[in-house]
Number of protein chains: 2
Amino acid sequence: MVKEFKSPLGKLSKNCKQIYQYIYRYGAVTRSEIERHTGFPMSTLVRAMNSLESNGLIYASETGESELGRKPRIYRICPDAGYIIAVDITRTYTQVALLDLELNILNSRTFGMYSSNTPDETIGRIIEIINEFISPLDKGKILGIGLGVVGPVDKENGVILNPEHFSASGWKNVSIKKILQEKTGFPVYIDDGANAAVLAEFRKGCGRHHHNIAYLIAGVGLRLGIIVNGKLLERQTYFGHTVIDKNGKDCICGKKGCLEEYFSLNVLLEEFIDEIKKGKSSIILEKVDYDLSSISFDHFCEAAKSGDVLANDILRKAAGNLAVGLGNLICILNPEIIVLGGTVFRKCPQLKTYVESEVSKHCPSTVFSNGELGENAVIIGAGSLVLEDYIE
Amino acid sequence: MVKEFKSPLGKLSKNCKQIYQYIYRYGAVTRSEIERHTGFPMSTLVRAMNSLESNGLIYASETGESELGRKPRIYRICPDAGYIIAVDITRTYTQVALLDLELNILNSRTFGMYSSNTPDETIGRIIEIINEFISPLDKGKILGIGLGVVGPVDKENGVILNPEHFSASGWKNVSIKKILQEKTGFPVYIDDGANAAVLAEFRKGCGRHHHNIAYLIAGVGLRLGIIVNGKLLERQTYFGHTVIDKNGKDCICGKKGCLEEYFSLNVLLEEFIDEIKKGKSSIILEKVDYDLSSISFDHFCEAAKSGDVLANDILRKAAGNLAVGLGNLICILNPEIIVLGGTVFRKCPQLKTYVESEVSKHCPSTVFSNGELGENAVIIGAGSLVLEDYIE
């Protein structure tokens, strides 16, 4: 059992843990690949791998390619040697999922976050869903609960501190780790959702071959997760409050010209409605029967997708502003790859092209991606928070 | 010999290396401290430490404190088990030093960098000084040469790429590592001087108890070195080109509003002269016989130190601009401590207070320091680049 890796008296040795970690990180690998990369002598390796295999933690799957002689066996971790519960709490929805040890999603449920979704209400529903998911399973095989939440978050104590813009009240200093641990009995791990997302792309997605990755979740706010030197950044960050115009718009944080005043879901929508009020035309007007108060962000995206000039002008301008903020990120950290995720990028596919084109004027070598894991990046990353604590 | 740590057939084991590394990092430590932190069983530890001691790599110095019984011995690394050559190349001076393994400076020579200091001329003088330093030493004990240079730098190939603002021509694509290696026979290690400085403060100075540190060298340009998650950031950075005013002054990089256009040695001096030209008064005018063309940065600093209103107003305004750039750094990386170094901070001591006061308005928890190693941070860091390659 994976749980034994954590126990100091565990029957599985340090070597086993290191080999299991390698197979978890690199997926399907042959024994000689493990030998080459871990540096273990073959005799030690065989002994440890036999122990992992007989404990049901790894298995040899289909054979690999070899020009001569016997084809080498390919090792993978046994996905069902344990289960993980992962939760993604955002300002617009909460998702609860059951994952196996390969971080595949076995079951998932999502509910919207409205003004009734106080912490109590939300945590209650999360527990209901968890109980449903795990009722057919051996509870001894549940490794724990991983949470990706809206920051800032006190990871050590598991407290959601004071996230902005939640619809319901009460989302301040929520000791969610303690509550979930007491009510379920499982260990709980928590991090900013953007950190979870970048960890997921690093382990299983577009960041697999990189050591320095940034993941931007653009929605109602801007959240940034960073992998630097091959490790998740330990510190709390506030990318939305980087300044791009020191004499610019007032921000709720007290500074002027913060990036979030120039690029967010609400900024795009407000500018769209403002410009229409000022007399600019848009194909959306007919759709909403000329009732400006009913224009939603989905309407804006629909217009942008249909080639609406106004919506695309607003997107391009916002992309220019975001490019300044991303340029600052590049000047400070120079990540190899930047993932553009979150509602805004998901619903406005052309935005990535606009941003790339703006950033490439000054930072031509930065690579952008939409990520390989899509909307599930936070959930998968929240799951990996749990697993990595056992095997790191 | 420390050199054996690098050889795969070295007589000193992996355990010895790990213990030596621990003593190097933490300075004077007792055996039980090493036992507690490395997790080695005492029998293994005694064997490895005896081997290190008989090889002349560590020694037991004065006894520590103990309430009862025998006082524990305190172990340190032997400083003279090897020597390191360290070089700090800047736009205004080049320093060459001989260090021992505790990174103490045994000998040091500095020369100014003028329009005659082409790469050839400079490297020639560096080699002359090195030869002088090492002539009385056993050459077998020289571990190598560490360079801290003005970036951007290609660390792997050891090339100074295209630093701005050198007085002499030719400072572009200088393969300094290859040249120095061929001419001296010693291995050469190279990094940005700001990276060397932050590494030095991390190992031996004000960053000893932190995992996330930034070091700003403010002079003709702005250079930033970053320790993140306890490791030197591997990527090339360009802090001077972070944007604080997207509609601001044109920068040579093609962007608008880069920090370096609002804060640097030259910006301070030019503003000072400009304001005087516009009619502002300053106590420096008499000193230079009203000849504005002869006002130097030292005059500016002298005025500022003497309480000159104009000079201090300029410093305060510049501090406000730097605070925006540092605020962006804090929003992205949130370092525990930021060291303010380089000529500008050294020559204008009150500047640190101005910057602290501006930053604290929005980021009250960030700690600032002038560093404990002063002007020698780059030299000590350049030396540690060499040593760490042997023992990491």
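Which domains does the domain assignment of chain A give? In this predicted model, the assignment splits chain A into domain 1 (12-75), domain 2 (81-198 + 374-389) and domain 3 (209-370). Domain 2 is thus written as two segments, 81-198 and 374-389.

Take the pairing of domain 1 and domain 2 within chain A to begin with. Their C-alpha centres sit 32 Å apart, and the contact between them involves four residues of domain 1 and six residues of domain 2. Putting these two domains of chain A together buries about 370 Å², with carbon and sulfur atoms giving 59% of that area. On the domain 1 side, A:Tyr20, A:Tyr24 and A:Leu57 supply 83% of the area buried against domain 2, more than any other three residues. As for polar links, the count of salt bridges between the two domains is zero, while one residue pair is found in polar contact, both partners being at pLDDT 80 or more. The residue classes on the domain 1 side come out as three nonpolar, one polar and no charged.

Now for the interface between the chains. Here 36 residues of chain A are in contact with 36 residues of chain B. The buried area comes to about 3100 Å², and carbon and sulfur atoms give 55% of it. The salt-bridge rule turns up zero hits across this interface, but there are 20 residue pairs in polar contact between chain A and chain B, counting pairs with both residues at pLDDT 80 or more.

Which elements of chain A each supply at least two residues of the side that touches chain B? They are strand 12 (222-228), strand 13 (231-232) and helix 10 (309-333). Helix 10 gives the most, with seven residues. Sorted by class, the chain A side that touches chain B holds 16 nonpolar, 13 polar and seven charged residues.

The two chains are also related by a simple operation. A turn of 180° with a shift of 0.0 Å along the axis lays chain A on chain B at an RMSD of 0.0 Å, which means that the relation is that of a two-fold axis. The contact surface follows suit: the same surface serves both copies, and 100% of the contact residues of chain A recur in chain B. As for which residue of chain A comes closest to the rotation axis, that is A:Asp245, whose C-alpha lies at 2.0 Å.

Methods
Residues are numbered from 1 along each chain as its sequence is written. Chains are lettered from A and ligands numbered from 1 in the order in which they are written. This is a predicted model: local features need pLDDT of at least 70, side-chain atom pairs count only at pLDDT 80 or more; totals for chains, interfaces and linings use all residues. Side-chain values use heavy atoms; hydrogens and water are left out. Contact means heavy atoms within 4.5 Å. Buried area is the accessible area (1.4 Å probe) that two parts lose on being put together, summed over both. A salt bridge is a side-chain nitrogen of Lys or Arg within 4 Å of a carboxyl oxygen of Asp or Glu. A polar contact is a pair of N or O atoms within 3.5 Å; within protein, one must be able to donate a hydrogen and the other to accept it, and residues adjacent in sequence count only if both atoms are side-chain atoms. Helices (H or I, at least four residues) and strands (E, at least two) are DSSP runs, numbered from the N terminus. Ala, Val, Leu, Ile, Met, Phe, Trp, Tyr, Cys and Pro count as nonpolar, Asp, Glu, Lys and Arg as charged, and the others, Gly among them, as polar. Copies are superposed by least squares on the C-alpha atoms of residues with pLDDT of at least 70 in both. Domain bounds come from an automatic or database domain assignment.
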